[in-house]
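Dear colleague,

I am handing over the structure below, and I would be glad if you could keep it open while reading the notes that follow it.

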Amino acid sequence: MLFNSYVFIFGFLPITLVGFFLLGRTSHRLAALWLAAASLFFYGWWDERYVGLLLASIAFNFGAGFLIGRSKGQHNGTSAHRSKVLLGSAITVNLIFLVYFKYANFFVDNLNQLTGSAWTLANVVLPLGISFFTFTQIAFLVDTYQGKVKEFNFVHYALFVTYFPHLIAGPVLHHSEMMPQFAKRAVCRINWDNMAVGLSIFVLGLAKKVLLADSVSDFSTPVFEAVKAGGTPMLIEAWVGALAYTLQLYFDFSAYSDMAIGLSLM
């Protein structure tokens, strides 16, 4: 589900906002749970099969963080060593998880070319946003080891990882930066100033995406498609394609950042 899609703008976003603020009137915890569930739905819109993978990653890292935090809190040499071993083990598991999904097919294909073998793997589809939610959780584990994380609430942790404005394309956030903001009771009450500013920034980002990034892609895409088909662009065509693609990337990321900031303000 893209931020500039009709289903997001006219369906997901208003339902999520209304649900969050209605539940926030009675329960701060329910409002956080609603936002986490909405974020999982947002992620599952791409491919529901990977929601389970995301939840498994969240459960593993929350458990590892809890054990690291408990060991650090005991203030003795054995516990300090245990917490360091737990941190190293948890980070290793996360990196193995990431490398498998991102590079398993790449390694097998290159090994087959080098050795002439015919090893095969089931087609490994790269889960959306896997780098961001994996490194976000590694940052959480390191923060816990350094004593920066004081809260171990599974609902809040799930929200921290899955929060939809940053889930797909980042940035990597720190628990200590984000969750104290959600801990404020005022977050569950409509702030019309934030709503107005957030909507303005979101619309600005939407305009960048639709009017600039997508328009510039009309100049870059034909050049890349021609090369893919075996063509050789002329000097000016090559420069137009390269510069247009540069601008397309810039405006895409700038638009995403604006829309994510606007959504968070709302």
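**Salt bridges in the model**

Asp258 is buried, and Lys208 is buried as well. Please bear in mind throughout that this is a predicted model. These two residues form a salt bridge with each other, in which the closest N and O atoms are 2.8 Å apart. The pair links distant parts of the chain, since Asp258 sits in helix H10 (residues 235-265) and Lys208 in helix H9 (residues 192-228), with their positions 50 residues apart in the numbering.

A search of the whole structure gives three salt bridges, and the remaining notes concern Lys209 and its partners. Lys209 forms a salt bridge with Asp214, where the closest N and O atoms are 3.2 Å apart, and the side chains of Lys209 and Asp252 also meet in a salt bridge, at 2.8 Å from N to O. Because Lys209 lies in helix H9 and Asp252 in helix H10, this second pair ties together parts that are 43 residues apart in sequence. Taken together, Lys209, Asp214 and Asp252 are linked in a network of salt bridges.

As for accessibility within that network, Lys209 has a relative accessible area of 18% and is therefore buried, the cut-off for buried being under 20%. Asp252, at 21% relative accessibility, counts as partly exposed, and Asp214 is likewise partly exposed, with a relative accessible area of 29%.

With best regards

Methods
Residues are numbered from 1 along each chain as its sequence is written. This is a predicted model: local features need pLDDT of at least 70, side-chain atom pairs count only at pLDDT 80 or more; totals for chains, interfaces and linings use all residues. Side-chain values use heavy atoms; hydrogens and water are left out. A salt bridge is a side-chain nitrogen of Lys or Arg within 4 Å of a carboxyl oxygen of Asp or Glu. Helices (H or I, at least four residues) and strands (E, at least two) are DSSP runs, numbered from the N terminus. Buried means under 20% relative accessible area, exposed over 50%, partly exposed in between (1.4 Å probe, protein chains only).
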